[in-house]
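Visitor: I am new to protein structures and would like a tour. Could you show me one and explain how its features get their names?

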Amino acid sequence: MIDWNFHSRAHACQACAVPFQDRQPYHTLLFDQKSEYVRLDVCDACWQKQYSQGANDRRGFISHWQGVYEVPPAVAVDPIQKETAETLLRKLIELNDPQYRAASFILAVMLERKRLLKVKAQTTEGGQRVFIYEHPKSGDVFTIPDPNLQLNQLEDVQRQVGHLLEHGFAPVEPPAAAAAAPAVPAEAAESTPAPQPAESPVTGS
Ligand SMILES: [Zn+2]
């Protein structure tokens, strides 16, 4: 089972529970606990005392890095704000729908090129490559499996991403990149003709 989620940066040390101060350096440890990834943020004192020795030998250890805590800014959320690659990626991850995995991967690559995300580590799960991205500003960590896109799939996924960026989620319209179109449900087959979607389903090449 591929874990596919994101992990926010803690606002307090997860060892001693003392809240992080603005600009305070901290350490992040990432572990693979079989069914999920576990992220641990600790202050420098706790790192020195409890984790700096042998962290790499702990079971499931994936990665360790240092960050600087920033007090999150108070932002007013604009409900009609246009979707950006970043807000869209967060929504897709929250949705955790396999049909958007390729789109999420493409968005993460886009954000990495813009230096809005950084690859912190790479691991494998069931033979599949998983990238661990950090959003440096908020310290959020995203785990995104590599969908192993073939060149001939790329165009469909890019179209899906473009559509989502422009229109957000339109649940009535099946995304172009859906792997295999499901058959028409039996009960719908003999009803009055339903309006057909403007785009015909993508046929495999
Ligand atoms: Zn601590």
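Visitor: What share of the contacts in the chain with a separation of 6 or more comes from residues 24 or more positions apart?

Guide: Welcome! This is a predicted model, and in this model the share is 62%. The chain has five helices and seven strands, and from the N terminus on they run β-β-β-α-β-α-α-β-β-β-α-α. Of its 205 residues, 35% count as buried.

Visitor: How do you know which atoms hold the zinc ion?

Guide: The test is distance: a donor is an N, O or S atom within 2.8 Å of the metal. The SG atoms of C13, C16, C43 and C46 coordinate the zinc ion at 2.3 Å, so they count as donors. Along the chain, these donors follow the spacing C-x2-C-x26-C-x2-C.

Visitor: Why is the site of the zinc ion called tetrahedral?

Guide: Four donors earn that word if all angles lie between 85 and 135 degrees. Here the angles among the four donor atoms are 103 to 117 degrees, and therefore the site is tetrahedral. The zinc site also links distant parts of the chain: C13 is in the loop between β1 (6-7) and β2 (25-32), while C46 is in helix α1 (residues 44-51), 33 residues apart.

Visitor: What makes C13 and C46 count as buried?

Guide: Buried means under 20% relative accessible area. C13 has 3% and C46 has 2%, so both names fit.

Visitor: Which residues are buried in α1, and how do you know that they line one face of the helix?

Guide: The buried residues there are C46, W47 and Y51. Seen down the axis of α1, they fall within an arc of 105 degrees, so they line one face. A general rule is handy here: an α-helix has 3.6 residues a turn, so residues three or four places apart point the same way. The cover over the buried residues of α1 includes β2, β3 (37-43) and β4 (61-68).

Visitor: What makes a group of residues a nonpolar core?

Guide: The members must be buried, come from a set of residue types that includes Leu, Ile and Tyr, and be joined through side-chain atoms within 4.5 Å. In the largest nonpolar core there are 21 residues, and L89, L92, L107, L117, Y133 and I144 touch the most other members. At least two residues each come from α2 (85-95), α3 (101-113), β6 (128-135), β7 (140-145) and α4 (151-167). Helix α3 gives the largest share, seven residues. There is also a second, separate core of 14 residues, with A10, L29, F31 and W47 among them. As a general tendency, nonpolar side chains in soluble globular proteins are buried together.

Visitor: Which residues does L107 contact, leaving aside its neighbours within four places in sequence?

Guide: They are A85, L88, L89, L92 and V161. Let us follow A85, whose place is in helix α2. Leaving aside neighbours within four places again, A85 is in contact with L107, M110, L111 and L165.

Visitor: Why is A85 called buried?

Guide: Its relative accessibility is 8%, and the limit is 20%, so A85 counts as buried. The C-alpha atoms of A85 and G162 are 9.6 Å apart, although 77 residues separate them along the chain.

Visitor: Why is K118 called partly exposed?

Guide: Partly exposed covers the range between the 20% and 50% limits. K118, in strand β5 (residues 118-125), has a relative accessible area of 43%, so the label fits. Not counting residues up to four places away in sequence, K118 touches I132, Y133, E134 and P136.

Visitor: Which label do R23 and N148 get, exposed or partly exposed?

Guide: R23 sits in the loop between β1 and β2. Its 53% relative accessibility is over 50%, so R23 counts as exposed. N148 is in the loop between β7 and α4, and its 47% makes N148 partly exposed.

Visitor: What makes the phi of R23 and of N148 worth a look?

Guide: Most residues other than glycine have a negative phi. Yet phi of R23 is positive, near 70 degrees, and N148, also not a glycine, has a positive phi of about 50 degrees.

Notes: Residues numbered from 1 in each chain as written. Predicted model: local features only at pLDDT ≥ 70, side-chain atom pairs only at ≥ 80, totals over all residues. Heavy atoms only, no water. Donors = N, O, S within 2.8 Å, 3.2 Å for Na, K, Ca; no water. Tetrahedral: all angles 85-135°; square planar, octahedral: opposite > 155°, others 65-115°. Helix = DSSP H or I, 4+ residues; strand = E, 2+ residues; numbered from the N terminus. Buried < 20%, exposed > 50% of the residue type's maximum accessible area, 1.4 Å probe, protein only. Contact = heavy atoms within 4.5 Å. Arc of directions from axis to C-beta.
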